[in-house]
Structure formats: structure tokens, C-alpha cells
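This report describes selected features of one protein chain for a reader who is new to structural work. Please keep the sequence and the structure in view while reading.

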Amino acid sequence: MLGPKREATVLESSKCQTKDLLKRLNVPIPPYRNFSDPQEAKEYARQRCAEDPGMGLVIKADGLAAGKGSILCANQEEADSVIERIMVSPRPFGQAGDRIEIEDRLEGRELMFFALSDGRTVRAMQSALDYKQAFSPDEEVAIRLFNRLAGNPNQDNNPNTGGMGGFSPHPWLDEELTERIMKKIALPTLRGFKEISGQEYRGVIYFGLMISEDREPSVLEINVRLGDPEAEVILPRLETDFYQLSRAVVEGRLDEVPLQWSDDFCLGVCAISGRVVKTLTSTGPERPGYPGEHYTNMPIRGLERVDPEVIVYHNGTAWGTDSAGNRRLYTTGGRVFTLVARGRSLAQARARAYENIKRVRFNGIRYRKDIGLGYI
């Protein structure tokens with residue numbers, strides 16, 4: 001099985017412990033503090049906002065929160081609201097919100113960087129540019145409506161999701177930046193983790209980074225797996241046999257297996273459960289849609305019309321039976337499916353992806369229309 005031992009999963013399951021470890025190893029990270037008391041957290045947020053009003057803070061639930069536990073706050077009022085919501089009421093992340101991490105918001109470009117480790121050898125993988133925010137930047141009306149329906153009428157933040165799509169290869173991750181990240185982040189983190197914990201890390205590791213204007217990387221988060229939706233657009237480009245590669249990682253001989261990649265582009269678009277179209281006879285409160293409360297059990301139509309060479313990854317679907325006794329596919333989650341198309345250019349992959357996703361329907365379907373748009 002390709003993955004680290006349970007002891008190593010702390011790198012993802014506790015943001016507070018991970019930041020403490022990285023600080024100890026002198027791996028570059030944003031200024032931060034951890035809190036288990038909401039009043040102390042609010043006081044720290046007040047101090048940081050007063051010191052630099054234009055900076056902004058990022059508040060993160062310590063534990064796993066389905067990709068929704070990291071929230072950007074532009075000012076003290078928003079920080080107080082988020083701290084109260086995570087730690088006091090309504091506590092949407094449960095025990096994962098018993099502790100929080102508050103870090104300064106860094107300026108730059110985000111990068112998801114992937115590497116493989118067998119405990120001795122660390123190899124950089126291909127990467128992808130992903131889209132985490134629920135809406136494109138120009139959807140101001142939709143963002144305001146989402147926040148109003150989600151009970152946050154005073155906020156206008158574009159909410160983060162588990163991923164709305166992405167494409168590979170990454171447009172600006174070059175060899176020089178890859179070497180810098182390996183030297184300053186990947187190698188010291190994995191070697192330092194072994195020295196401190198006594199555990200070898202074997203498997204895929206994913207660093208969520210912020211790259212400054214002068215191309216210096218800082219770690220925002222770590223995952224102990226391939227990211228989603230990055231994996232959906234990276235793995236189809238891998239030409240090395242994945243079984244052989246996984247076996248080499250498990251057996252500690254990663255240095256013996258070459259990593260070979262296709263020059264093709266892959267672009268993925270995630271269809272989510274947005275606001276369901278209400279009718280005059282509809283009952284119940286209106287829901288904002290993923291990443292907030294969303295409807296499920298919606299029949300999916302049109303998947304049979306997707307081109308055979310286009311891949312459909314099922315994120316939140318299940319088979320069921322309709323009122324006529326016919327077997328059909330239904331939505332079961334906020335992120336319903338990710339459709340991935342391939343092409344010799346990014347423009348070709350993008351055109352194929354959007355041409356095909358238009359053929360699929362369910363009540364409330366929504367997806368970002370701008371995946372890859374600024375890089376063609």
C-alpha cells in the first residue's frame with residue numbers, strides 16, 4: 001500500500017503540530033500561533049490586525065476538515081466571527097476545531113508541490129495548478145449570495161473548497177524552482193521528521209506552498225497523499241508503471257525507477273452541488289450549495305454522452321433506483337464528479353473538458369468556467 005505509517009499522518013491531521021515541527025526544523029513558514037482558548041485567539045488576532053491592518057489572517061482548524069478548515073480573514077471582525085464559529089458555535093468541524101492555528105497571510109502565488117519518498121530517496125513529481133475557491137474572481141454577486149445564504153452576510157470572502165478543478169503540467173514550476181523547494185523544504189522536512197520521530201516517511205507527500213515575488217517558498221500546509229483534484233490531472237500523464245513505482249517506494253528502492261511523464265496537458269473541471277433551482281411548491285430553507293449546505297440525491301443525466309477518451313472521476317455519486325424502477329446514478333456529496341480531458345495543448349484539453357461537461361446535468365449543477373483560462 002502506497003502511503004506513510006499512521007505515525008506520519010500527523011503531518012496532515014494536525015496543522016498545529018506540523019507548524020511546530022517545521023519551525024523547529026527551520027523550514028520557512030508564515031508567522032503563526034496555536035490556540036486552544038478562543039478568547040486568547042481573539043486577542044492575538046486583534047493584536048496582529050492592529051499591527052498590520054492590511055495584512056489579513058488565515059485561521060485554520062487543527063484537524064481534518066474536508067478541505068474547508070482554512071479561512072481567510074481580512075479584518076478583526078471577520079477573525080472574531082471565524083474563531084467563534086470554529087471553536088464555540090456551531091463548531092462545523094467538531095473536534096478538529098478544538099485547537100486552531102492563526103497565521104499571517106502571505107502575498108505571492110500558491111503552489112501545490114508533490115514528492116515521493118521511500119525513506120531514503122526523495123523525488124519531485126510533476127505538479128498541477130489547482131483552483132480551490134468556489135467561484136471565479138468576477139462572480140461577486142454569487143459570492144455575496146453564497147455568504148448571505150450561509151449565514152455570513154457581512155463577509156464577502158470567496159470560500160475555499162476541496163478543489164474546483166485544475167490542470168497539469170504546472171505553468172510556472174520550472175527546474176530551478178523545483179530544486180529550491182527540494183533543498184529548502186522537501187528534503188529538510190522528511191529528513192528532519194525521521195530524526196525527530198524515528199519514523200521513515202514512505203509515500204507521496206504534498207506541500208501547499210506560497211511562492212513570494214522573489215521565488216522563495218513557504219509552507220502553508222502538508223498532506224500525506226496526492227491532492228484532489230491535482231491527482232486527477234497528474235496521474236494520467238504518468239508513463240512509468242504506477243504499480244512498479246509504488247512497489248519501489250514500499251521496498252526502499254525509489255532510486256532504481258525512472259519517473260517518465262507525457263508532454264500532454266490534462267485539464268479537470270469539478271461539478272459541484274450548488275443551489276438547487278427552487279419552484280413555487282418547494283419547501284424548506286434555501287441552501288447556499290457546496291462548500292456550504294447542499295442538496296444530495298439528485299439524479300445525474302448525460303454521463304453516457306461523454307467522449308470515451310475523457311475520464312470521469314466520481315467524487316460523490318452512488319447508484320440508486322428511480323420511481324419507475326430504473327437503475328440510475330445520484331449525487332451523494334458536494335463535489336459530485338471531476339471530468340478530465342487531455343490534449344496536446346492546454347487550449348485543446350480545456351476545450352474538450354468544457355465541451356463534455358456541458359453534456360452532463362443534475363439539479364443544482366455548478367462548475368467554474370475559468371479553469372485554465374488565463375494560461376492559454
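The crossing of helices H3 and H4 is right-handed. This statement, like the others in this report, concerns a predicted model.

**The pair of helices H3 and H4**

Helix H3 covers residues 38–51, and helix H4 covers residues 76–87. Their axes lie 10 Å apart, and the two helices pack at an angle of about 160 degrees. Angles over 145 degrees count as roughly antiparallel, and H3 and H4 are therefore roughly antiparallel to each other.

Which residues of the two helices meet? From H3 come Pro38, Ala41, Lys42, Ala45, Arg46 and Cys49. Their partners in H4 are Gln76, Ala79, Asp80, Ile83, Glu84 and Met87. By residue class, the contact of H3 with H4 comprises 7 nonpolar, 1 polar and 4 charged residues.

**Cysteines**

A disulfide is a covalent bond between the sulfur atoms of two cysteines. For a pair to be counted here, the sulfur atoms must be within 2.5 Å. By this rule, the count comes to 0 disulfides.

Why does Cys73 form no such bond with the closest cysteine sulfur? That sulfur belongs to Cys49 and is 8.0 Å from the sulfur of Cys73, which is too far for a bond. Cys49 is also one of the H3 residues that meet H4. For Cys16, the closest cysteine sulfur is in Cys73, at 15 Å, so this distance is likewise too far for a bond. Cys16 counts as buried because its relative accessibility is 0%, and Cys73 is also buried, at 1%.

**Cis peptide bonds**

Two peptide bonds ending at a proline are described next. The bond that joins Ser89 and Pro90 is cis, with omega of about 10 degrees. Pro90 is placed in the loop between H4 and strand S4 (100–104). A cis peptide bond also leads from Asp228 to Pro229, where omega is near 20 degrees. Pro229 belongs to the loop between strand S10 (217–223) and helix H7 (230–234).

**Asparagines with positive phi**

The table sets out two residues that have a positive phi although neither is a glycine.

| Residue | Phi | Loop | Relative accessibility |
|---|---|---|---|
| Asn26 | near 60 degrees | between helix H2 (15–24) and strand S1 (32–35) | 69% |
| Asn297 | about 65 degrees | between strand S11 (265–273) and strand S12 (311–314) | 54% |

Are these asparagines buried or exposed? Asn26 is exposed, and Asn297 counts as exposed too.

How values were computed:
Residues are numbered from 1 along each chain as its sequence is written. This is a predicted model: local features need pLDDT of at least 70, side-chain atom pairs count only at pLDDT 80 or more; totals for chains, interfaces and linings use all residues. Side-chain values use heavy atoms; hydrogens and water are left out. Axes are lines fitted to C-alpha atoms, for helices over the stretch in contact, and angles run from 0 to 180 degrees between N-to-C directions. Helices (H or I, at least four residues) and strands (E, at least two) are DSSP runs, numbered from the N terminus. Angles under 35 degrees count as roughly parallel, over 145 as roughly antiparallel, 65 to 115 as roughly perpendicular and the rest as oblique. A crossing is left-handed if the near helix is turned anticlockwise from the far one by less than a right angle, and right-handed if clockwise. Contact means heavy atoms within 4.5 Å. Ala, Val, Leu, Ile, Met, Phe, Trp, Tyr, Cys and Pro count as nonpolar, Asp, Glu, Lys and Arg as charged, and the others, Gly among them, as polar. Buried means under 20% relative accessible area, exposed over 50%, partly exposed in between (1.4 Å probe, protein chains only).
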